[in-house]
Structures are given as C-alpha cells and as structure tokens.
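Biologist: Could you walk me through this model, one question at a time? I would like to hear the reasoning as well as the result.

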Amino acid sequence: MTSRPAILIARAVFPEVVARLREHFEVETNDLDAPFTPVELAQRLQGKQGAMTTGSERIDAALLAACPELRIAANIAVGYNNFDVPAMTAAGVLATNTPDVLTETTADFGFALLMATARRVTESEHFLRAGLWNRWALDMFAGAEVHGSILGILGMGRIGQAIARRGAHGFGMKVIYHNRSRLDAATEAECQASYVSKDQLLAQADHLILVVPYSAESHHAIGAAEIAQMKPTATLVNIARGGIVDDAALAVALREKRIAAAGLDVFEGEPKVHPDLLTVPNVVLTPHIASATLKTRRAMADLAADNLIAFFTRGEALTPLN
Ligand code: GLV
C-alpha cells in the first residue's frame, strides 16, 4: 500500500472540508486557529507535502528551504501576496488561489462599504448609540450622493468589473477606471466603464474604490500626494489589501477633511489598525470581511481542497498560479 500524502491545514476550516481532505490525505489541523509564527509553520510543515493556507501564512524562500518536502500550497484567498511565487516556482512548489468563487460577494461588500461611507452609516449609528440624538435636523449626517455620481475604480479585474456593473446598471453611476492594461471594448461596454489615466481617476471620481492586487508596484499607490489630487467631497474605499493605502497619510487627510470619508476593510499590518484611524469619525472600518458570507467562504475552502486533491490525484490543480 502506498502511503498517503500528508497535509497541514494551517487555520480552522469547515469540518466538512476537513472530512473530505481526510479521505485523501493524512491531515494535521490547527483547531485552536491561532496563526502560526513563521518558525511554527515551518515546524508543522515538516514531513508534509501539501499546505492549505490563508493570508496569515507566508510561503517564502526561507520557509521553502526549511520544508523541502512541500509540493503545493493552496491559499484560501484570491489574493496571494503571502506567497513569494517566484521562490515557490524555483523550489518546484505549486501555488494556487481561489478566484471567481468570491467575485460577486466581494463586489457586494465593496458596494456596501462605499454606501456606508458615502451615507455615513456607522458614524451616525455611533451618534445614536451614544444617546446624542435628541432632535431631527435638516443637515444631520448629510452625506454624498451615490446614484448618478462618478465611480472611480483602481484595478479592473474580475471584482472591479463586478463593482462597475453594480454602479453603472444599478445606480446609474458614470464609471471610470484605471488599470495596468485597458479592457477590451466589449468588456468596457458591458461594464459601461471608461478608461482614464490614474491622475484623471483621482481628480474626477466622487467615490474611488481600490481593487488592485498588492505588489511592490501598488504599495502606497494612494498616499498623501494622491489624496491631494482627489475632490474634497470624495470618498475612498479599500477592499483590496493593506499597504495599497498609506494609512497614516489617510488618517491625517480624513482629520483635515481633505477628502470627505473613507471605508477600509484592509489595513497595513492587520489585524493591527493604525491608531489614528480609530479616532477619526469619518471612516468606516471593517475587519477584512469582504468575501465573508458562509456560502462564499465555504466555496473558497472547497476550491482550495479541490486544488490539493486534483494536484495529488491527477497531477494538476484547478487554479494554479505558477
Ligand atoms: C481576501 O482578501 C482574498 O484575497 O480572498
């Protein structure tokens, strides 16, 4: 009898997914769900050929050197900046992610955060909960118009396009976008989106949403200089990755009302949040939950499991990155 591959599931996942993996592999789990330090992760991966990871596990050259038996890391996320893909390729380790299954759910949340930010939903709720609401007033928590406004999208992949469709078809917004490469004409027409330069995007958008992957190139793509190019009435939403926005510069800009408001689902150094962001009122803060519906999180875990099973049984994964 040939021995079964051994895998580590680095964070707690749905019991049904673990059970399915146990049909194929020797499985080690992390039932306490505390993220491993890099040293603990390397220790847990000894003797393992596969890993199911999340954004909290970094697979880089040092980890790969310490874990020579590893052959695949299947990330439960569409973003994979926790993977050093060139180092994985050099070490002969396959990387996979979970595209498509989260696109619409994440776009829904992008829109939820945009609307909460523009219409000051959490700021006004805090006011109410604090017992400060003693009369109605004409200008109370007056926010920015969403319908008919200009929606700017930085990063026009699958999620950016799904947000564009919501904005254009659902809210009658004029959609402009900037991306490394321009979309083909048919996709632009379907999303009713016009390509503009990054400078035009910053200057024209009433609501700017960031959906660009994190890389050295997108690090601090929005900092003080970019915020200075935005309208003082504009809002900014980041559902992409921490580090794309310079959070310290954003906190200053929000306090000084250089833009009206921001909505952030991702943060530099999360789960820590820049302390200045916690004290400015005009920001909506959520803990990296854009894809968090039970159905979608289950679909993401299932796809990561399918990648592991397909790789070890057929030699090829469903959504490989290298
Ligand atoms: C979540 O942030 C993901 O990349 O799927």
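**A walk through the model**

Modeller: Happily! A90 is exposed, with a relative accessible area of 71%; exposed means over 50%, buried under 20% and partly exposed in between, using a 1.4 Å probe and protein chains only. This is a predicted model, in which local features need pLDDT of at least 70 and side-chain atom pairs count only at pLDDT 80 or more, while totals for chains, interfaces and linings use all residues. Residues are numbered from 1 along each chain as its sequence is written, and side-chain values use heavy atoms, with hydrogens and water left out.

Biologist: In which helix does A90 lie?

Modeller: Helices are DSSP runs of H or I with at least four residues, strands are E runs of at least two, and both are numbered from the N terminus. The helix that holds A90 spans residues 85-90, and its name is α4.

Biologist: Which element supplies the largest share of the largest nonpolar core?

Modeller: A nonpolar core is a set of buried Ala, Val, Leu, Ile, Met, Phe, Trp, Tyr and Cys residues joined through side-chain atoms within 4.5 Å. The largest one here has 51 residues, with L21, M52 and I239 among those with the most contacts inside it. Elements that each supply at least two residues include β1 (6-9), α5 (103-118) and α13 (294-314). The largest share, eight residues, comes from α13.

Biologist: Why does this core lie between domain 1 and domain 2?

Modeller: The domain bounds come from an automatic or database domain assignment, giving domain 1 (6-100 + 294-314) and domain 2 (103-285). The core lies between them because residues are given to it by both domain 1 and domain 2.

Biologist: How many Å separate the centres of the two domains?

Modeller: The contact between them, meaning heavy atoms within 4.5 Å, takes seven residues from domain 1 and six residues from domain 2. Taken over C-alpha atoms, the separation of the centres is 32 Å.

Biologist: How much of the ligand's accessible area does the protein cover?

Modeller: Surrounding the ligand (a heavy atom within 4 Å) are A77, V78, G79, L102, R241, H288 and M300. A polar side-chain atom of R241 lies 2.7 Å from an oxygen atom of the ligand, and a backbone N or O atom of V78 lies 2.8 Å from a ligand oxygen atom. Of the 190 Å² of accessible area that the ligand has on its own, the protein covers 85%.

Terms used: A polar contact is a pair of N or O atoms within 3.5 Å; within protein, one must be able to donate a hydrogen and the other to accept it, and residues adjacent in sequence count only if both atoms are side-chain atoms. Accessible areas come from the Shrake-Rupley method with a 1.4 Å probe; for residues, only the protein chains shown count as cover.
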